[in-house]
Amino acid sequence: MWFFQTEFMVDMSCEGCVKAVKNKLRQWMVGIKSVDVDLSNQVVRIFGSSPVKIMAEALEQTGRKARLIGQGSPGEVFISAAVAEFKGPEIFGVVRLAQVSMELARIEANFSGLSPGKHAWSINEFGDLTRGAASTGKLFNPITQQLSDEKTIYEFQALGDLGTLDVDEKGEAFFSGVKKNLTVGDLIGRAIAVYENEDRSDAGLAAAVIARSAGVGENYKKLCTCDGTTIWEATNADYVSSKV
């Protein structure tokens, strides 16, 4: 089991709020190693293996507003988090990548607007979206650059091969898993593509560029109030996609 730290900004005003949040997370969730609450900054740090979606739902069930502000491995100096956002007009989704260790990355994804069934998805070489997924290049696979024997190359699954998404009757899909030998810092500027078929034989349905996201401890700042927007009126994208 691999663990990483996820940080949420949670609307809390007193020690009673802190107690309620801690009790909910510890009682309701599996895979939580520790919960640390910073009331002064309204930050909840969760160390464990649970998906962001599940943690967010647990926090919301306490009746408090919550926003994801960072994810990754505490104490590391490398880029520890990235995000790719699919903004429609038909397919919407968010893919989050967090570095669990030097050898392992955690991947979480939520999609809507896809046709029911199985869809291949992958990390591709380029962040060129001029022709959608068709212009994002081949599967990202730096391993092939280090191997000279073609027979040996095909024994390895490409690092960019993410397998398939299982889409339900509502057109929605959720994925949570890990990928060995994947370094999040190497993915910035590349793209994640989703395909109509399981074998990626089509040109691709949609793609999104992978951008650096806020890692742990990197995004405690609140939104600028010059436009009247408050932190609780903002969406998760305002925090997940923040460049630091």
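Reader: Which residue forms a salt bridge with Glu-7?

Author: In this predicted model, the partner of Glu-7 is Arg-45, and their closest N and O atoms are 3.6 Å apart. The two residues come from distant parts of the chain, 38 residues apart: Glu-7 belongs to strand 1 (residues 4-10) and Arg-45 to strand 3 (residues 43-48).

Reader: Are Glu-7 and Arg-45 buried or exposed?

Author: Both Glu-7 and Arg-45 are buried.

Reader: What else does Arg-45 form a salt bridge with?

Author: Arg-45 also meets the side chain of Asp-36 in a salt bridge, at 2.6 Å from N to O. A further salt bridge joins Arg-45 to Asp-38, where the closest N and O atoms are 3.7 Å apart. Glu-7, Asp-36, Asp-38 and Arg-45 are thus linked in a network of salt bridges.

Reader: Why is Arg-45 classed as buried?

Author: Its relative accessible area is 18%, and buried means under 20%, so Arg-45 falls in that class.

Reader: And Asp-36, buried or partly exposed?

Author: Asp-36 is partly exposed, because its relative accessible area is 38%, which lies between the 20% and 50% limits. Asp-38, on the other hand, is buried, as is Arg-45.

Reader: How many salt bridges are there in the whole structure?

Author: A search of the whole structure finds 5 salt bridges. Among them are the pairs of Arg-45 with Glu-7, with Asp-36 and with Asp-38.

Reader: Let us turn to strand 6. How many of its residues are buried?

Author: Strand 6 spans residues 92-101, and 8 of its 10 residues are buried, which leaves the strand mostly covered.

Reader: In what sense do strand 5 and strand 6 pair, parallel or antiparallel?

Author: Strand 5 (residues 81-87) pairs with strand 6 in the antiparallel sense, over 7 bridges. Within this pairing, Val-94 of strand 6 has Glu-85 opposite.

Reader: What about the hairpin of strand 5 and strand 6; which residue there takes a positive phi?

Author: Gly-88 does, with a phi near 90 degrees; the hairpin has 4 residues between the strands.

Reader: How many bridges join strand 6 to strand 7?

Author: Strand 6 and strand 7 (residues 104-112) run antiparallel and are joined by 9 bridges. One of the partnerships is that of Arg-96 with Glu-108 in strand 7.

Reader: And how many residues does the hairpin from strand 6 to strand 7 pass through?

Author: The hairpin joins strand 6 to strand 7 through 2 residues.

Methods:
Residues are numbered from 1 along each chain as its sequence is written. This is a predicted model: local features need pLDDT of at least 70, side-chain atom pairs count only at pLDDT 80 or more; totals for chains, interfaces and linings use all residues. Side-chain values use heavy atoms; hydrogens and water are left out. A salt bridge is a side-chain nitrogen of Lys or Arg within 4 Å of a carboxyl oxygen of Asp or Glu. Buried means under 20% relative accessible area, exposed over 50%, partly exposed in between (1.4 Å probe, protein chains only). Two strands pair if DSSP finds at least two bridges between them.
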